[in-house]
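Biologist: I would like a close look at one part of this protein, namely the sheet, and at how the rest of the chain is arranged around that part. Please take me through it step by step.

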Amino acid sequence: MGQFKDYMDLDEHPFTGLRKFFDGTPNFSQVEDVTIGKVYEIHAVNGYGDVSDFIFTDDLGNENRLGSFFFEDAESEDK
């Protein structure tokens, strides 16, 4: 279980737990061209459940994909 301690806070504090992927923390692959808190339209989903990837257009206009745990529900603008 010790090898997963860095991921334990993902469900409780999504922005706190994920920030290390954006802030240059050593030993973490860094996410680039994506803004924390920005609403992205998901174009496709690859996979199922907790292991799915969301495919979206990043800040540079390129197709990008991240694990679904990087996202949380946002209110639809159509409502």
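Modeller: In this predicted model, strand 2 and strand 3 pair in the antiparallel sense, and 5 bridges join the two. Strand 2 also pairs with strand 1, again in the antiparallel sense, here over 4 bridges. Taken together, the 3 strands form an open sheet whose order is 1-2-3. Strand 1 and strand 3 stand at the edges, and each has a single partner strand, so one side of each is left without a neighbour in the sheet. Direction ignored, neighbouring strands of this sheet are turned by 25° against each other on average.

To place the sheet in the chain as a whole, it helps to know that the chain has 1 helix and 3 strands, and that from the N terminus on the elements run α-β-β-β. Of the 79 residues of the chain, 22% count as buried. Among contacts in the chain with a separation of 6 or more, 22% are between residues 24 or more positions apart.

Two pairs of residues let you find the register of the strands by eye. A44 has I55 in strand 2 as its bridge partner, while F56 stands opposite N64 in strand 3. As a general point for reading such a sheet, the side chains of a regular strand alternate between the two faces. Strand 1 and strand 2 form a hairpin with 6 residues between the strands, and in this hairpin G47 takes a positive phi near 105°.

F56 deserves a longer look. With a relative accessible area of 0%, F56 is buried, because the cut-off for that word is under 20%. F56 also belongs to the largest nonpolar core, which has 9 residues in all and includes L18, Y40 and L66. The count of aromatic pairs comes to 7. In one of these, the ring centres of F56 and F71 are 5.4 Å apart and the planes stand at 75°, so the pair is edge-to-face. This pair links distant parts of the chain, since F56 is in strand 2 and F71 is in the segment after strand 3, 15 residues apart.

The other aromatic rings to look at are those of F21, F22, F28, F69 and F70, which ring pairs link into a cluster. F21, F28 and F70 are also named in the largest nonpolar core, together with V31 and V34 among others. If neighbours within four places in sequence are left aside, F70 is in contact with L18, F21, F22 and V31.

The segment after strand 3 also holds S68, a residue that is buried with a relative accessible area of 14%. Apart from neighbours within four places in sequence, S68 is in contact with G49, D50, S52, D53 and F54.

Next, consider what joins the loop between strand 2 and strand 3 to another part of the chain. A search of the whole structure finds 1 salt bridge, in which the side chains of D59 and K38 meet at 3.0 Å, N to O. D59 lies in the loop between strand 2 (53-57) and strand 3 (63-67), and K38 in the loop between helix 1 (14-18) and strand 1 (42-46), so the pair ties together parts that are 21 residues apart in sequence. Both partners are partly exposed: D59 has a relative accessible area of 32%, and for K38 the value is 44%.

The loop that carries K38 leads from helix 1 to strand 1, and three more of its residues are useful landmarks as you follow the chain towards the sheet. N27 lies in this loop between helix 1 and strand 1 and is exposed, with a relative accessible area of 81%. Although N27 is not a glycine, N27 has a positive phi of about 70°. Most residues other than glycine have a negative phi. D33, which lies in the loop between helix 1 and strand 1 as well, likewise has a positive phi, of about 65°, although D33 is not a glycine. D33 is partly exposed, with a relative accessible area of 34%. I36 also has its place in the loop between helix 1 and strand 1, where I36 is partly exposed with a relative accessible area of 31%. The C-alpha atoms of I36 and L18 are separated by 9.2 Å, with their positions 18 residues apart along the chain.

Conventions: Residues numbered from 1 in each chain as written. Predicted model: local features only at pLDDT ≥ 70, side-chain atom pairs only at ≥ 80, totals over all residues. Heavy atoms only, no water. Salt bridge = Lys/Arg side-chain N within 4 Å of Asp/Glu carboxyl O. Buried < 20%, exposed > 50% of the residue type's maximum accessible area, 1.4 Å probe, protein only. Pairing = 2+ DSSP bridges. Phe/Tyr/Trp six-rings, centres within 6.5 Å; stacked < 30°, edge-to-face > 60°. Core = buried A, V, L, I, M, F, W, Y, C linked by side-chain atoms within 4.5 Å. Contact = heavy atoms within 4.5 Å. Axes fitted to C-alpha atoms, helices over the stretch in contact; angles between N-to-C directions.
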